[in-house]
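Trainee: I should like to learn how to read the features of a structure such as this one. May we go through it together?

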Amino acid sequence: NPNLDMLAFWLANTLRLLHDMKQYSGDRAFQVHNTPEQNEHCLKNFDLTEYRQVLSDLSIHIYQDLVKAIWDSINGMIVPGILEYESIPGVSSSKPFGGRSRGSEDISYRSNNVSCFRFQLSQVLNILNAHCVDPEIIKQCFRQVFYYIGANLMNNILLRKDMCHWSRGMQIRQLEDWVRVNQLEGSGIVEALECITQATQLLQVNKKTLEDVDAICEVCSALNTLQVQKILSMYTPANEYEARVPSSVIRAVVERGHNKTDPMYLMLDTAYLFPVTLPFTPSAVSLETINIPELPGLDFLKVV
């Protein structure tokens, strides 16, 4: 995606300029990270505080554009690859899997799976790393992206009865595994999937009798009462021999009223953006070691 490349390039370089302005500003808070030689190059007669604020605002703007570009690149793969894809063909349908139509629909089904989705996420991560985007910014970026993924999946489960089946969302663990494999743990990325993770656990937990109410409420600590009620009401039994969730169980869960919020919303806001932080990252490169290339238009740059 050329747009992703361009945004990652400008985000990395804008942040680098911002950090350099801080590093050589002469402020004691930033000087402690410098070598004595680097402190010799700090500004003594100029205050760039206003410019730093401009660059900070610009960096956040580029970051948000980058996140939206990532959303666009994965949007068409989220539901087909995570909710609709069946790792065990036919498990959520009473129809034999052999009856699936051939041709372009079958090709689309095979191409929209969790492996393709993970590959797309890895491609995005590779682009960010190739442009040397700060690791902390990368983690914030994927936390935002995973929230978007989780919110889209959650809203689909709440709106589509065919998605309220115990087998749906079995691929969520694959996303959690992707975070671990790429060493992005501990940054709130997996936690951004909490609502959809608990929704899929709710579809799998026993919910046949009043004795199951405590377990249901424990599983759904991040969901509000309205969401739990909706999922239980729409739950699709695995086969004709399994009963739907009894109304007495649903009523008991609602009366328990855990996680009551005011106002209480059913759907998740897919456009929600987490606050962005731009942690200071000093450069280890000393200015005197930089070679200025001999290019037209750079005659005004001189090594002091």
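Mentor: Let us begin with a single residue: Cys132 is exposed, because its relative accessible area is 59%, over the 50% cut-off. Please keep in mind throughout that this is a predicted model.

Trainee: Where does Cys132 lie?

Mentor: Cys132 belongs to the loop that connects helix H7 (114-130) with helix H8 (135-159). Its backbone deserves attention as well: phi is positive, about 60°, although Cys132 is not a glycine.

Trainee: Which residue in the loop between helix H9 (172-181) and helix H10 (194-204) should I examine?

Mentor: Gln183 lies in that loop. It has a positive phi of about 55° and is not a glycine. Gln183 counts as exposed because its relative accessibility is 65%, over the 50% cut-off.

Trainee: What is the overall architecture, in terms of helices and strands?

Mentor: The protein has 13 helices and zero strands. Along the sequence the pattern is therefore written α-α-α-α-α-α-α-α-α-α-α-α-α. Of its 304 residues, 43% count as buried. For contacts between residues at least 6 apart in sequence, 81% join residues at least 24 apart.

Trainee: How should I read one helix, and which of its residues are buried? I have H7 in mind.

Mentor: The general idea is that an α-helix has 3.6 residues a turn, so residues three or four places apart point the same way. In H7 the buried residues are Val114, Phe117, Arg118, Gln120, Leu121, Val124, Leu125, Ile127 and Leu128. These buried residues pack against helix H1 (2-23), H4, helix H5 (78-84), H8 and H9.

Trainee: How many residues does H7 have, and what span does it reach?

Mentor: H7 has 17 residues and spans 24 Å from its first C-alpha to its last, close to the 24 Å expected at 1.5 Å a residue. At the start of the helix, a side-chain oxygen of Asn113 comes to within 2.9 Å of the backbone nitrogen of Ser115. Just after H7 we return to Cys132, with its positive phi of about 60°.

Trainee: Is Ser59 buried or exposed?

Mentor: Ser59 is buried, because its relative accessibility is 0%, under the 20% cut-off. This residue is placed in helix H4 (residues 49-74).

Trainee: Which backbone oxygen does the side chain of Ser59 reach?

Mentor: The side chain of Ser59 reaches the backbone oxygen of Leu55, at 2.8 Å. Beyond its neighbours within four places in sequence, Ser59 is in contact with Leu11, Thr14, Leu15, Leu18 and Leu278.

Trainee: How are aromatic pairs to be read, and how many does the structure hold?

Mentor: A pair of aromatic rings is described by the distance of the centres and the angle of the planes. The structure holds eight aromatic pairs. One of them is formed by Phe9 and Trp10, edge-to-face, with 5.2 Å centre to centre and 80° between the planes. Phe9 is partly exposed at 38% relative accessible area, and Trp10 is partly exposed at 47%. Tyr272 and Phe274 also form an edge-to-face pair, 5.2 Å centre to centre and with 85° between the planes. Here Tyr272 is partly exposed, with a relative accessible area of 36%, whereas Phe274 is buried, at 16%.

Trainee: Which residues do ring pairs link into a cluster?

Mentor: Phe142, Phe146 and Trp178 are linked by ring pairs into a cluster.

Trainee: Which charged end sits over the ring of Phe274?

Mentor: The charged end of Arg143 sits over the Phe274 ring, 3.7 Å from the ring centre. A further case involves Lys207, whose charged end sits over the ring of Tyr235, 4.3 Å from its centre.

Trainee: Finally, how many disulfides does the count give?

Mentor: A disulfide requires two cysteine sulfur atoms within 2.5 Å. By this rule the count is zero disulfides. Cys220, for instance, is in no disulfide: the nearest cysteine sulfur, that of Cys217, is 7.3 Å away. Cys220 is also buried, with a relative accessible area of 0%.

Technical notes: Residues numbered from 1 in each chain as written. Predicted model: local features only at pLDDT ≥ 70, side-chain atom pairs only at ≥ 80, totals over all residues. Heavy atoms only, no water. Helix = DSSP H or I, 4+ residues; strand = E, 2+ residues; numbered from the N terminus. Buried < 20%, exposed > 50% of the residue type's maximum accessible area, 1.4 Å probe, protein only. Polar contact = N/O pair within 3.5 Å; in protein donor to acceptor, adjacent residues only side chain to side chain. Contact = heavy atoms within 4.5 Å. Expected span 1.5 Å × (residues − 1). Phe/Tyr/Trp six-rings, centres within 6.5 Å; stacked < 30°, edge-to-face > 60°. Lys NZ or Arg CZ within 6 Å of the ring centre and 35° of its normal.
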